[in-house]
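Visitor: I am new to this structure and would like a close look at just one part of it. Please choose a spot and walk me through it, along with whatever helps me to place it.

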Amino acid sequence: MDHNKEVEKKLAQLRADYKIVFGSDEAKRVLDDISKRCHEFNTTHVKGDSHESAFFEGQRSIMVFIKSILKSK
């Protein structure tokens, strides 16, 4: 099996795993809570504090990543 096909197979399995893990009603409530705590829909910029801004953006990027995996085919 060539390297690209192996990587694609692993990514497909990972997508399926995310959808299983986050597919229940309980998981959806947890994701909603994480979304709020991780500033998914709010600005992460903290005026005058680039470190705090970067910290909040790091939290937000994880939530955005999880949601993008769940929406992928």
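Guide: Happy to. We will need three words on the way: a residue is called buried if its relative accessible area is under 20%, exposed if it is over 50%, and partly exposed in between, using a 1.4 Å probe and protein chains only. What you see is a predicted model, in which local features need pLDDT of at least 70 and side-chain atom pairs count only at pLDDT 80 or more, while totals for chains, interfaces and linings use all residues. Residues are numbered from 1 along each chain as its sequence is written, and side-chain values use heavy atoms, leaving out hydrogens and water.

Let us settle on His39. You will find His39 in the loop that joins α2 (25-37) to α3 (50-71); helices here are DSSP runs of H or I with at least four residues, numbered from the N terminus. Is His39 buried or exposed? With a relative accessible area of 18%, His39 falls on the buried side. The backbone has a twist to notice as well: phi is positive at His39, about 60°, although this residue is not a glycine.

Now look at what surrounds His39. Leaving aside residues up to four places away in sequence, His39 touches Thr44, Phe56, Gln59 and Arg60, where touching means heavy atoms within 4.5 Å. There is also a link back along the chain, since the side chain of His39 reaches the backbone oxygen of Arg37 at 3.5 Å. That is a polar contact (a pair of N or O atoms within 3.5 Å; within protein, one must be able to donate a hydrogen and the other to accept it, and residues adjacent in sequence count only if both atoms are side-chain atoms).

Step along to Glu40. The side chains of Glu40 and Lys67 meet in a salt bridge, at 3.1 Å from N to O. The term stands for a side-chain nitrogen of Lys or Arg within 4 Å of a carboxyl oxygen of Asp or Glu. This pair links distant parts of the chain, as Glu40 belongs to the loop between α2 and α3 while Lys67 belongs to helix α3, 27 residues apart. Glu40 counts as buried because its relative accessibility is 10%, and Lys67, with a relative accessible area of 24%, is partly exposed.

On the other side of His39 comes Lys36, a residue of helix α2. Lys36 and Arg60 are 24 residues apart along the chain, yet their C-alpha atoms are separated by 9.4 Å. Lys36 has a salt bridge too, with Asp32 as its partner (3.1 Å, N to O). The two are four residues apart in helix α2, so about one helical turn separates them. Lys36 is exposed at 56% relative accessibility, whereas Asp32, at 41%, is partly exposed. In total, the structure holds five salt bridges. Another of them joins Lys10 to Glu6, with the closest N and O atoms 3.5 Å apart.

Phe56, one of the contacts of His39, leads us to the rings. How many aromatic pairs does the structure hold? There are three; rings of Phe, Tyr and Trp (its six-membered ring) pair if their centres lie within 6.5 Å, and planes under 30 degrees apart count as stacked, over 60 as edge-to-face and the rest as tilted. In one pair, Tyr18 and Phe65 have ring centres 6.1 Å apart and planes at 85°, so they are edge-to-face. Tyr18 is in helix α1 and Phe65 in helix α3, 47 residues apart, and the pair thus links distant parts of the chain. Phe56 itself pairs with Phe55 in a tilted arrangement, 5.9 Å centre to centre and 55° between the planes. Phe55 is partly exposed, at 48% relative accessibility. Tyr18 and Phe65 also belong to one aromatic cluster with Phe22.
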